[in-house]
Amino acid sequence: MTRISDETLAHLREVADWPDLGSTRYEVRERLARGGMGTVYVARDRDLERDVALKVLSLPGSGPEAAARMLREARIIAQLEHPGIVPVHDVGTLPDGRVFYAMKLVGGSRLDHLLRRGRPLSELLGIFLRICEPVAFAHAHGVIHRDLKPENVMVGAFGEVLVMDWGVAKVLRQPESEPAGAVESPGTTEGDTAHGTILGTPGYMAPEQARGEVERIDERSDVYALGAILFFLLSERPPGSREAADTGQKTRTRPSGAAAAATPLAAPGKMNRTVPRPLQAICLKALAPEREARYATVQDLRADVSRFLASGPVEAYPEGPLERVRRFVRTYRTPIVLILAYILMRTLLIIFTGR
Amino acid sequence: MDGDTDIGGPGRRFPATRLSMVVAAGGRDGEVRARAFEALVAAYWKPVYKYVRIKWGASNEDAKDLTQGFFALAYEKAFFARYDPARARFRTYLRICLDGFVANQRKAEQRLKRGGHAETLSLDFEDAEEELRHCDVTDSLDMEQYFHREWVRHLFGLAVAALRERCKANGKNAQYRLFERYDLEGPDAAERVSYAQLALEFGLPATQVTNYLAWARREFRGIVLDTLRDLSGSDEEFRAEARLVLGVEPP
């Protein structure tokens, strides 16, 4: 009988589930990731002689609803042409009826993996600003991501940042500047998500999203998720983890659903004292339980983080006179020191020479 | 099957209506029961033998006797008729029975008395020994995981043999040879062969390589799923085994 090594055993287990791409121009190389709806493979495009990422509906016979959702995701991504959103090259149906789409194969690391390597704050905030860009672009086109989290952000080797997995995106409206049909959504503009349906990831979902209040989900729900990502960047854990930093206990994450919405959040600064207060304030404003208290748009959030990076006053943190002086001194430390040194020298000169 | 055992195998799949072998092995019809039992032996003898060798530290000869003796006693005492799918997987039940059997044998400190049925078993223990020589056994080995892994290895080996026979019978030798080159030999090769290289080697268009491999994999998956269905006591167990072994949700 054929001897099967451990390597062959693992390979056979994997290929047994590979989709039949015989009718397409792709051939599977390896499985990249498996999600709730689809499985992503590295595939070779024979015609163009390049590798692509191929997302295939996970289960044959999943039904028309799953196929429509996958097709809808591909169309949403295809309409959102932005350097921070992975371009879709192709869409099709396999012989067994499964929908697939091919997209650019992105190299790099997931944001949550990247963080483990330790990065300076300014670099992390730079990445955060680049995450905001495609999200703001999508909002301008009437699309809410609804599942923003570090696992869905890829950071390339050259610093490029890509927002992935638009599988549960919600189409709010057609963009005013675009002709009708620019962002297509089969069925309703809700993307066929009924009230009470909870889509997203606990810890990164806005309270209204966790409660399944589909009609209340808008740009500010993504602002919340971005706040949660910022929190993660500052604390290396999702929001809702409490007392862990002080006690060294295992991190507890937020419960899902309505319980998640009711759980008070801990400030990131309470866990990490090195986080500057203005940055804590920005994070907490984005994470406000009431959406009216959050930044109205991603651009507003982005602008506040940019102001912090430029040592300017941030909207989320009203400074007292003393803090304003301190920030002024921090910002202009070198010229202030030079001026003071000049004054001191002049004073000493006057004292000792009498002139 | 290529002769490592004369029991079971694709040519003797039974019954044709896909009644579970586990259920059939506990039935009242003597002939049905005997043939279902043989199919179960074919599917499990090798992991049982390796498990006895590794977990119980049995010598080659002792492990052979214990394996033969276990299945003989299981047939005589109708162990498998007592299996309750609601309580555990069949594989787990079999392993627990095996542990009890070996413990009792050790306690009695006597050579096994082979039952009449055991004499009909012809198992290729040398093949199992050869596989054991390639096995990396460490002290920290989890024996439940080991039994599962060796069972999957044996299951896949049987499925590959069945696929080879099926391809031979249907004039699809090229499909099997491609499957063999890419999926069986490929993972152990120093350098991975590409579809384009295979296309050149077999004188086929690259699209045909994709089609042939997809067909062979589909057949392989089908054979594994059919065998799992045979070896499961319930539909629920079958689905759980399919997810565990292949990572797929069966149709």
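**Questions about chains A and B**

Colleague: Which residue of chain A forms a salt bridge with R153(B)?
Modeller: A salt bridge is a side-chain nitrogen of Lys or Arg within 4 Å of a carboxyl oxygen of Asp or Glu. Here the closest N and O atoms are 2.7 Å apart. The count between chain B and chain A is one salt bridge, and the partner of R153(B) is D6(A).

Colleague: What kind of model is this?
Modeller: Residues are numbered from 1 along each chain as its sequence is written, chains are lettered from A and ligands numbered from 1 in the order in which they are written, and side-chain values use heavy atoms, with hydrogens and water left out. Local features need pLDDT of at least 70, side-chain atom pairs count only at pLDDT 80 or more, and totals for chains, interfaces and linings use all residues, this being a predicted model.

Colleague: What area is buried between chain B and chain A?
Modeller: The contact (heavy atoms within 4.5 Å) takes 41 residues from chain B and 26 residues from chain A. Buried area is the accessible area (1.4 Å probe) that two parts lose on being put together, summed over both. Carbon and sulfur atoms give 55% of it, and the total is about 2,900 Å².

Colleague: How many helices and strands does chain A have?
Modeller: Helices (H or I, at least four residues) and strands (E, at least two) are DSSP runs, numbered from the N terminus. By that count, chain A comes to 13 helices and ten strands.

Colleague: Which strands stand at the edges of the five-strand sheet?
Modeller: Two strands pair if DSSP finds at least two bridges between them. This open sheet has the order 1-2-3-5-4 (chain A), with antiparallel pairing. Each edge strand has a single partner strand, so one side of each is left without a neighbour in the sheet; the two are strand 1 (26-34) and strand 4 (88-93) of chain A.

Colleague: Which residue stands opposite G38(A)?
Modeller: Strand 2 (residues 38-45) and strand 3 (residues 50-57) of chain A pair in the antiparallel sense over eight bridges. Across from G38(A), in strand 3 of chain A, is L57(A).

Colleague: At what angle does helix 4 of chain A run to strand 9 of chain A?
Modeller: Strand 9 belongs to an open sheet of three strands in the order 6-8-9 (chain A). Helix 4 (residues 121-140) of chain A lies across strand 8 and strand 9 of chain A. Axes are lines fitted to C-alpha atoms, for helices over the stretch in contact, and angles run from 0 to 180 degrees between N-to-C directions. On that basis the angle is about 40°.

Colleague: How many residues of helix 6 of chain A are buried?
Modeller: Buried means under 20% relative accessible area, exposed over 50%, and partly exposed in between (1.4 Å probe, protein chains only). In chain A, 50% of the 355 residues count as buried. Helix 6 is largely enclosed by the rest of the structure, because its buried residues number 17 of the 17.

Colleague: Which residue follows helix 6 of chain A, and is it buried or exposed?
Modeller: Most residues other than glycine have a negative phi. Here the residue after helix 6 of chain A has a positive phi, near 60°. E236(A) lies in the loop between helix 6 and helix 7 (244-247) of chain A. At a relative accessible area of 57%, E236(A) is exposed.
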